[in-house]
Every structure is written in structure tokens, then in C-alpha cells.
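Trainee: I should like to take a close look at a single part of this protein, namely its sheet. Could you please describe how the sheet is built and then place it in its surroundings?

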Amino acid sequence: MSRPRLAIAGLTACSGCQLSLLNCEAELPLLLERIEFQFFPLACSPVRIEGCYDAALVEGCCSTAHEAELLRELRDHSRLLIALGTCAAWGGVATLRNDTPRKELRRQVYGRHPLPDDDVPRPLSAIVKVDAVVTGCPPEKHELLALLGDLLRGNLPVRGTAPVCTDCRMRENLCLLQERGMLCLGPLTLGGCAARCPSLGVPCEGCRGPAPEANVAEALELYCQNGFDAMTVTGRLRRFCPEWNHDQRA
Ligand code: SF4
Ligand code: SF4
């Protein structure tokens, strides 16, 4: 049986999602036996896009004309295109200042020095068709391995729907929102991280994007009861998902 051919690429991002894959050290020998990593510039050469890939896993948001070109090329050469991580799925932290004109941002950061134009950072789905999303900042190791397992079997990954609170309750954590009055975004954020932060006493920052099963109206009511207004909550959620709004279910 021929091995699936994968392309793995990064756009505007920190490379954390790709590094999380490379950090699966115990599993890498088996993965290399089963999968052909044909295009993976972070890890190996050559770096030319050639032939047809079974899937392209793309990290990061798209913020330059060059990245848009690379993304379209990967789409054209791949049967499936997967958005890997929160930046690819929702835009992530690079989109934090999308409400300020780019020209003004560039002037504030670089002064009067001329720089090539960049585009407004956008999630992959704003440029090309995306077949599946594995969110997370970065995605959890078990999610990356499950994704590769799904691709090996010819399937697309099935996304979770429950919020971080579900994970948190399963770990029998003290609720930081209700018991400590902290602004925890767990009720509105997609779970799957085993409530990593609340389990350590740190409120959820919403890094995995919106949860489809979130009861937004109830959550906002709960925030209000604990002294946080909807605007504050929305502002926090938009750090990772700039398009977040009260009607959003992902
Ligand atoms: S601590 Fe946060 S994630 Fe955990 S149950 Fe409370 S609101 Fe939900
Ligand atoms: S608890 Fe929230 S901030 Fe922490 S990893 Fe999970 S989704 Fe991200």
C-alpha cells in the first residue's frame, strides 16, 4: 500500500503547531514508516511544491501576497487542505489589531522607513477552501496524532464541540469564574485541552477558539453575575478569534 503524501507548511505564525508535531518524538519513527512528508520546509529539504499531495497541513494566518500565493499553490496540489491551529483556523494573535489601519500600524512600528505592503491577516478559509480544522494554540499532541491517523485511514478529523468547562468539570477542578471571580473563558472556548490552564489555577484565555456547543447567552449572564460586562468578555475572546460575536457557534 502506498504511503499518503503530506505537505506541511507555515504562514504567519510562531511555528509552534509544526513544532508540536516534531515533538512527537516517540511516534515519529512509526509515522515516517507510514507517511511520506514530501514538503515540510521546517524539517527537511527539498522545499519545492511538486506533484499531488493527499493532504496539506497549513499553520498560521495569511498576511502577505507571497503567503496567499503559497496557500493557493498548496490548495491546487492537495486533495485535502487542513487548517492547523488557531491562527490558521481563526486568524489568531496576528489579527489582534485588524481594526486599526495597516498603514498606521506600520508607521507606529517602523516609523517612516519604507516597507513592502502587507495584507490584513486572515484565516485560511478567507483565501482558499479548507476541508478540516484542528484548532489549538498549539493543538494537543493527541489531536495531531489523531489527525494523522485519520488521514492514514482516508478520513477527515471529527471536531469536538464541547467547551473547556466540560474538560474542567471532568477533572473536578474548582471553578475559577464562580468560586474565585476570575474571568475564565472556558464556557465559550472549544475543549479538548483537558482544561490545561484552569487545572493549574490560571483562567482559560480562549486559545482554542469558539465552542460549537457553547451556550453563549447563559455564559454572558454568568459573566455579568460575576461582574464582567459583555464588551470585556468579547474583547478577550477576540484576541484569538477576531470575528467572534455573540451569535457565533464556530
Ligand atoms: S474554571 Fe473556567 S473552564 Fe473551569 S469550569 Fe470554571 S469557567 Fe469553566
Ligand atoms: S484552558 Fe483555555 S487557554 Fe488553556 S489551553 Fe485550554 S483553551 Fe487554551
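Mentor: The following account begins with the sheet and then moves outward to the loops, the domains and the ligands.

The model is a predicted one, in which local features need pLDDT of at least 70 and side-chain atom pairs count only at pLDDT 80 or more, while totals for chains, interfaces and linings use all residues. Residues are numbered from 1 along each chain as its sequence is written, and chains are lettered from A and ligands numbered from 1 in the order in which they are written.

The sheet is open and has five strands, in the order β2-β1-β3-β4-β5, with parallel pairing. Strands here are DSSP runs of E with at least two residues, and helices are DSSP runs of H or I with at least four, each numbered from the N terminus. Two strands pair if DSSP finds at least two bridges between them. The edges are formed by β2 (36–39) and β5 (132–134), each of which pairs on one side only. On average, neighbouring strands of this sheet are turned by 30 degrees against each other, direction ignored.

The pairs can now be taken one by one. Five bridges join β1 and β3 in the parallel sense, and A9 stands opposite V58 in β3. Six bridges join β3 and β4, again in the parallel sense; here Y53 has S78 in β4 as its bridge partner. Strand β4 (residues 78–84) in turn pairs with β5 in the parallel sense over three bridges, and L84 stands opposite V134 in β5.

Helix α3 (residues 65–77) packs on the sheet, where it touches β1 (5–10), β3 (53–59) and β4. The direction of α3 makes about 135 degrees with that of β4. Such angles run from 0 to 180 degrees between N-to-C directions, and the axes are lines fitted to C-alpha atoms, for helices over the stretch in contact. Contact between two residues requires that their C-beta atoms, placed from the backbone, lie within 7 Å.

How far are these strands covered? A residue is buried if 20 or more other C-beta atoms lie within 10 Å of its own, exposed if 12 or fewer, and partly exposed in between, with C-beta atoms placed from the backbone. By this count, six of the seven residues of β3 are buried, and five of the seven residues of β4 are buried. Helix α5 (residues 102–110) is hardly covered: among its nine residues, the count of buried residues is zero. After α5 comes G111, which has a positive phi near 70 degrees.

Some loops also deserve attention. In the loop between β1 and α1 (16–22) is S15, which has a positive phi of about 75 degrees although it is not a glycine. S15 counts as partly exposed because it has 13 C-beta neighbours inside 10 Å. In the loop between β5 and α6 (141–152) lies P138, and the peptide bond from C137 to P138 is cis, with omega near 0 degrees.

The wider setting is given by the domains. An automatic or database domain assignment supplies the bounds, with domain 1 covering 5–152 and domain 2 covering 164–237. Their C-alpha centres lie 27 Å apart. Eight residues of domain 1 are in contact with six residues of domain 2. On the side of domain 1 that touches domain 2, helix α4 (residues 86–90) provides the largest share, three residues. That side has three nonpolar, three polar and two charged residues. In this classification, Ala, Val, Leu, Ile, Met, Phe, Trp, Tyr, Cys and Pro count as nonpolar, Asp, Glu, Lys and Arg as charged, and the others, Gly among them, as polar.

Finally, there are the ligands. A residue is near a molecule if its C-beta atom, placed from the backbone, lies within 6 Å of it. Ligand 1 is surrounded by 14 residues, of which the closest are C165, C168, C175, C184 and G186. This shell divides into 11 nonpolar, two polar and one charged. Around ligand 2 are several residues, including C193, C197, C204 and C207. The shell of ligand 2 has seven nonpolar, one polar and three charged residues.
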